[in-house]
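Here are my notes on this model, as numbered points. Please read them with the structure open.

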Amino acid sequence: SVYAPNGRVVGSEFYAGKLRWFDRLGRWLDDEVAAGRGGSLVVGGDYNVAPGEIDVWDPRAVHGGTHVSAAEREAIAALQARGLVDAYRARHQEPGRYSWWDYRAGMFHKNFGMRIDLVLVGAAVADRLVDAEIDREARKGPPVPSDHAPVTLDLDEPGAPLAPAARTRPSARSQP
């Protein structure tokens with residue numbers, strides 16, 4: 001589980017610290033891959049980066065800010081180049097699906113958000129991926145919602161065939 005620094009303002013000392021943090025995470029991943037554990041990695045959390053234009057409500061509105069800068073996006077791409085797959089994007093290419101919304105100005109209700117909560121997985125985990133979902137309903141509360149929505153993965157069991165119910169959304173399976 002990771003929580004990447006916010007970076008505050010592009011070009012600030014906080015932004016430079018964020019990029020150094022991604023470098024350190026990359027070195028840790030290099031060690032995991034070298035030790036033979038790369039395929040089974042699941043590294044999820046708040047990366048504070050929207051990897052692509054599809055991951056923001058309006059690329060023009062956020063242009064030039066943190067979370068969308070070229071250097072931040074290159075840092076995410078460098079992590080994926082180590083053999084990691086963006087589990088959500090592996091199953092969903094549709095726009096308008098976000099995991100974070102600012103509390104101000106009704107951003108959540110307008111769906112003016114960003115997909116900055118990512119789950120990057122190794123090849124062995126990606127092979128077991130049935131679905132991934134952003135639970136927007138959980139963002140609504142109660143009691144007091146976060147400004148983030150959880151990202152969930154549905155994985156099959158190694159060596160076991162998938163039951164038909166496993167192909168439905170987790171929330172649909174848990175309802176009476």
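1. Exposure of an asparagine. This is a predicted model, and I start with one loop residue. Asparagine 111 has a relative accessible area of 22%, so it counts as partly exposed. The cut-off matters here, because buried means under 20%.

2. Backbone at that site. Asparagine 111 is not a glycine, yet its phi is positive, about 60°. It sits in the loop between helix H5 (107-110) and strand E5 (113-114). Most residues other than glycine have a negative phi. Please look at this loop in the model.

3. A second asparagine with positive phi. Asparagine 48 is likewise a residue other than glycine, and its phi is near 55°. Its loop runs between strand E2 (42-46) and helix H2 (59-62). Is asparagine 48 buried or exposed? Its relative accessibility is 4%, so it counts as buried.

4. Overall make-up. The protein has 8 helices and 8 strands. Its length is 176 residues, and 42% of them count as buried. The exposed area is about 9600 Å². Carbon and sulfur atoms supply 56% of that area.

5. Contact range. Take the contacts with a separation of 6 or more. Of these, 69% join residues 24 or more positions apart.

6. Nonpolar core. The largest nonpolar core has 16 residues. Which of them touch the most other members? They are Phe22, Leu25, Leu29, Tyr47, Ile76 and Leu79. Three elements give two or more residues to this core: helix H1 (13-34), helix H3 (70-80) and strand E6 (117-121). H1 gives the most, with 4 residues.

7. One core residue in detail. Isoleucine 76 is in contact with Phe22, Tyr47, Val49, Pro51 and Leu118, leaving aside neighbours within four places in sequence. Of these partners, Phe22 and Tyr47 are also among the core residues that touch the most other members.

8. Largest pocket. Its volume is about 160 Å³. Two tryptophans, Trp57 and Trp100, are part of the lining. So are Val62, Gly65, Thr66, His67, Asp102, Arg104, Ala105, Met107, Phe112 and Met114.

9. Character of the lining. How many residues of the lining are nonpolar, polar and charged? The division is 7 nonpolar, 3 polar and 2 charged. The charged pair is Asp102 and Arg104. The polar residues are Gly65, Thr66 and His67.

Key
Residues numbered from 1 in each chain as written. Predicted model: local features only at pLDDT ≥ 70, side-chain atom pairs only at ≥ 80, totals over all residues. Heavy atoms only, no water. 1 Å grid on protein atoms, 1.4 Å probe; cavity = no way out; pocket = protein on both sides within 12 Å on 5 of 7 lines; lining within 4 Å. Points joined across faces, edges and corners; volume = space filled by probe spheres on them. Buried < 20%, exposed > 50% of the residue type's maximum accessible area, 1.4 Å probe, protein only. Contact = heavy atoms within 4.5 Å. Areas by Shrake-Rupley, 256 points an atom, 1.4 Å probe, with all protein chains shown as cover. Core = buried A, V, L, I, M, F, W, Y, C linked by side-chain atoms within 4.5 Å.
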